[in-house]
Amino acid sequence: SDGKWIKLQLANGCYWHKCAFCDVALDYIGRYSAPDAKAVVDAIVRLKSETGQSGFHFTDEALSPALIRHVCRELLARGETITWWGNVRFDTSFTLNLASLMAQAGCIAVTGGLECAHDRLLKLMNKGISLASATQACQAFSDAGILVHAYLMYGFPTQTEQETLAALEFVRQRFADGHIQSAY
């Protein structure tokens, strides 16, 4: 995240808003409201014109695959050139087709929560992803030339030492495959 980035929230709330560790009662998480893609791109064009900056950090809790698809199509239809990155959930909606569209529309990186990187614990968290979906999404992003940063969480209630070791191996393998470039 070097340089100047215009921070812009595309939608209010999180389109998933079900994770057990998240306070979904908070309005900015639990009440999802997505704008029209044309309105989003209008705002991007205005901010780009007003500031002279073309780098954007979309600060949504998690970018909705449906909304980001429409925003990308609108950016491309208008011939707008920007560079951007944002937060995602590693779900099956992020296919190579969508990741390629995102890259064409200027996406250079995504960040997403692998959390404790273990299927049993992801289910307890109600994260709505699995290791298989995370693997598929991370591969789609990296195959499209989009850098991937994974957020990790260890010490979740009931997590065993063996689950921690399995999670570390899962993350190590994603690095080895070239599907994750950084993690924290």
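**Exercise 1. Find how many bridges join strand 1 to strand 2, and which way the two strands run.**

Solution. Start with the elements: helices (H or I, at least four residues) and strands (E, at least two) are DSSP runs, numbered from the N terminus. Strand 1 covers residues 6–8, and three bridges join it to strand 2. The two strands run parallel; strands pair if DSSP finds at least two bridges between them. Now pick out one position: K7 stands opposite H57 in strand 2.

A note before you go on: this is a predicted model, in which local features need pLDDT of at least 70 and side-chain atom pairs count only at pLDDT 80 or more, while totals for chains, interfaces and linings use all residues. Residues are numbered from 1 along each chain as its sequence is written, and side-chain values use heavy atoms, with hydrogens and water left out.

**Exercise 2. Follow the chain from strand 2 to strand 3 and give the handedness of the crossover.**

Solution. First, the pairing: strand 2 and strand 3 (residues 83–88) are parallel partners over four bridges. Next, the contact across: H57 stands opposite W85 in strand 3. Last, the path: from strand 2 the chain passes through helix 3 (residues 65–78) to reach strand 3, a right-handed β-α-β crossover. Right-handed means that, with the strands pointing away from the viewer, the path from the first strand over the helix to the second runs clockwise.

**Exercise 3. Sort the residues of strand 2 by the way they point, and say whether they are buried or exposed.**

Solution. Take residues 55–58: G55 and H57 point one way, F56 and F58 the other. All are buried (under 20% relative accessible area; exposed is over 50%, partly exposed in between; 1.4 Å probe, protein chains only). F56 counts as buried because its relative accessibility is 0%.

**Exercise 4. Trace the cluster of rings that includes F58.**

Solution. Rings of Phe, Tyr and Trp (its six-membered ring) pair if their centres lie within 6.5 Å; planes under 30 degrees apart count as stacked, over 60 as edge-to-face and the rest as tilted. The structure holds four aromatic pairs. One of them is F56 with F58, tilted, at 6.3 Å centre to centre and 35° between the planes. F58 also forms a tilted pair with W84, at 5.0 Å and 35°. F58 lies in strand 2 and W84 in strand 3, so this pair ties together parts 26 residues apart in sequence. Both F58 and W84 are buried. Put together, ring pairs link F56, F58 and W84 into a cluster.
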